[in-house]
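Hi,

Here is the structure I said I would pass on to you. Have a look at it first, and my notes follow right below.

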Amino acid sequence: LPRAPVPGRAMAAFVEVWAARLSTNVRRWVVLGLIIGVGVAAGATSLVAARSTATAFDRIRDLAQMEDVVVSHSQHPDVAEAELGDIEGVDALYHRVGLVYEVRGTPPGAIQASLALWEGSEYPAGLIVLEGRLPDPESAIEVMISQGAADRAGLAVGDELALTHVRLGDVAAGEEPFVLSPETGVVVGLVALPRELFDDEAAGFGSIVHSPARARQQVDTAFWSETGVVVDDPAAIAEVERRVGELGWDLNQSAIVDQAVAEDSARPLVVVLYVLAGLVFVATALVGSQALLRVLDSNSGDVRTLEAIGLQRRDFAFLDGATGLFVALVASALAVLGTIAGSLVGSLGWAADVDPRTGIHIDGPVLVGVVFGIIVVALVVSVIAGLRRTSDRRRSSTAAVPTWVPGRAVPQAAAAFLAGDDRRRLVGG
């Protein structure tokens, strides 16, 4: 009787068989991995776009240094600065005064609001520059206009405006109830308040924004004034609310309200992107699994001989699992590269043109999930296929095929294989 093969030799046969399979089928395995990788990358790109769109408001708020709350009052900005500036946790104050300006030569209603930034309000003071730049704080003629106003009035950066300033007249001193003064302005930028980006009603309210120099000139003619409060500690909002209540002023939780409106506006698109990603992932998993099973089944011709060598049921699972892992690694590499490249899509919807995060970025959770999902699915499919194939072979066999276990003999063919006589026939050499 031939000697029983030792486990080390069986493992050597296992490695040699898989290496032979690799050399014979490497192109098919790589192509399959690339196909799976492309599908997963497409789904991951949709997922990254959904996550980017859902979180765009936070990045835009940081870009604009948007205030957390707005305090409405009818006080001089210096009074508001004195009352609110000493509250612990307040990081910055943006003071704005409301002026009345008409822009001659524009359609009625094209520009409905006019405000000026007070000196000391650090730029960008809650504003998002869409085109051009912010006004020079020392130039009274430089202005910004909202995108909606520019569209309706046919204005662009560089245009000169014929302005009419309107103030209440001192009737007792013999002035008219409304005093009109012609002035000049130059558009240096198109701007938006964050809410105008995702709220159609707010976007339709065209506005013109003047520089601090204009605010200094016209502060005594202001019809209203307000202060945006930026806090570095959310607990400070409660103290601001208490102080505002004592002063009899009004407080508006602008950032909280705007974030809620932004999320509501983006939610339908985000849901569609998530559903699209899910459908692509499911379709890729089904098609990829079927293709992987076909690849594994094409390698099943050597099962009987390998069983004779002494490979056990779990060894076949490892053998097919190694094939599945190879395909998964190829797919993962392409999926990661494709997902990173797909991040160029960025945010969609209202945030598409204003999200400060542009270019390629890495979404770590998505990349980890992609790699983990590919490897798990490939291994599960491969291992189950290996276990199923050996079970099917044994059930359908008309005669038992002896296998090696410690202390028992194997057929002469197995011993000859271990000696190298039939190895070339098995591995295709």
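Before the loops and helices come up: helices and strands here are DSSP runs, a helix having at least four residues and a strand at least two, and they are numbered from the N terminus. Also keep in mind that this is a predicted model.

Let me start with surface charge. Glu 88, Asp 91, Asp 232 and Asp 233 come together on the surface as a patch of negative charge. To find one of them, go to the loop that connects strand S10 (224-231) with helix H8 (236-247), where Asp 232 sits. Asp 232 has a relative accessible area of 57%, and it counts as exposed because the cut-off for that is over 50%.

Next, the salt bridges. How many does a search of the whole structure find? The search turns up 13 of them. I picked out three for you.

The first to look at is Asp 86 with Arg 243, whose side chains meet at 3.2 Å, N to O. This pair links distant parts of the chain: Asp 86 belongs to the loop between helix H3 (77-84) and strand S2 (90-98), Arg 243 belongs to helix H8, and their positions lie 157 residues apart. Are the two partners buried or exposed? Asp 86 is exposed, at 54% relative accessible area, whereas Arg 243 is buried, at 15%.

Then there is Glu 226 with Arg 96, a salt bridge with its closest N and O atoms 2.9 Å apart. Glu 226 is in strand S10 and Arg 96 is in strand S2, so this pair ties together parts that are 130 residues apart in sequence. Both ends are out of the way here: Glu 226 is buried with a relative accessible area of 18%, and Arg 96 is buried with 6%.

The third is Glu 142 with Arg 133, where the side chains meet at 2.9 Å, N to O. Glu 142 is buried, with 14% relative accessible area, while Arg 133 comes out as partly exposed at 41%. Some salt bridges also share partners, and in that way Asp 86, Glu 239, Arg 242, Arg 243 and Glu 246 are joined into one network.

Glu 142 leads us to strand S6 (residues 142-146). Why call this strand largely enclosed by the rest of the structure? Because 5 of its 5 residues are buried. That goes for both faces of S6: Glu 142, Met 144 and Ser 146 are buried on one side, and Val 143 and Ile 145 are buried on the other. S6 runs antiparallel to strand S9 (residues 207-210), and 3 bridges join the two. Within this pairing, Met 144 stands opposite Val 209 of S9.

Just before S6, look for Asp 136 in the loop that follows strand S5 (128-132) and leads to S6. Asp 136 is partly exposed, at 35% relative accessibility. Its C-alpha atom is separated by 8.4 Å from that of Ala 213, although the two residues are 77 residues apart along the chain.

Last, a patch of another kind. Phe 372, Val 376, Val 380 and Ile 384 make up a nonpolar patch on the surface, and together they have about 370 Å² of accessible area. Val 380 is part of helix H12 (residues 364-396), and at 43% relative accessibility Val 380 counts as partly exposed.

Cheers

Terms used. Residues are numbered from 1 along each chain as its sequence is written. This is a predicted model: local features need pLDDT of at least 70, side-chain atom pairs count only at pLDDT 80 or more; totals for chains, interfaces and linings use all residues. Side-chain values use heavy atoms; hydrogens and water are left out. Patches are made of residues with over 30% relative accessible area and no salt bridge: like charges are joined within 9 Å, nonpolar side chains (Val, Leu, Ile, Met, Phe, Trp, Tyr) within 5 Å. Accessible areas come from the Shrake-Rupley method with a 1.4 Å probe; for residues, only the protein chains shown count as cover. A salt bridge is a side-chain nitrogen of Lys or Arg within 4 Å of a carboxyl oxygen of Asp or Glu. Lys and Arg count as positive and Asp and Glu as negative; His and the chain ends are not counted. The place of a charge is taken as NZ of Lys, CZ of Arg, CG of Asp or CD of Glu. Buried means under 20% relative accessible area, exposed over 50%, partly exposed in between (1.4 Å probe, protein chains only). Two strands pair if DSSP finds at least two bridges between them.
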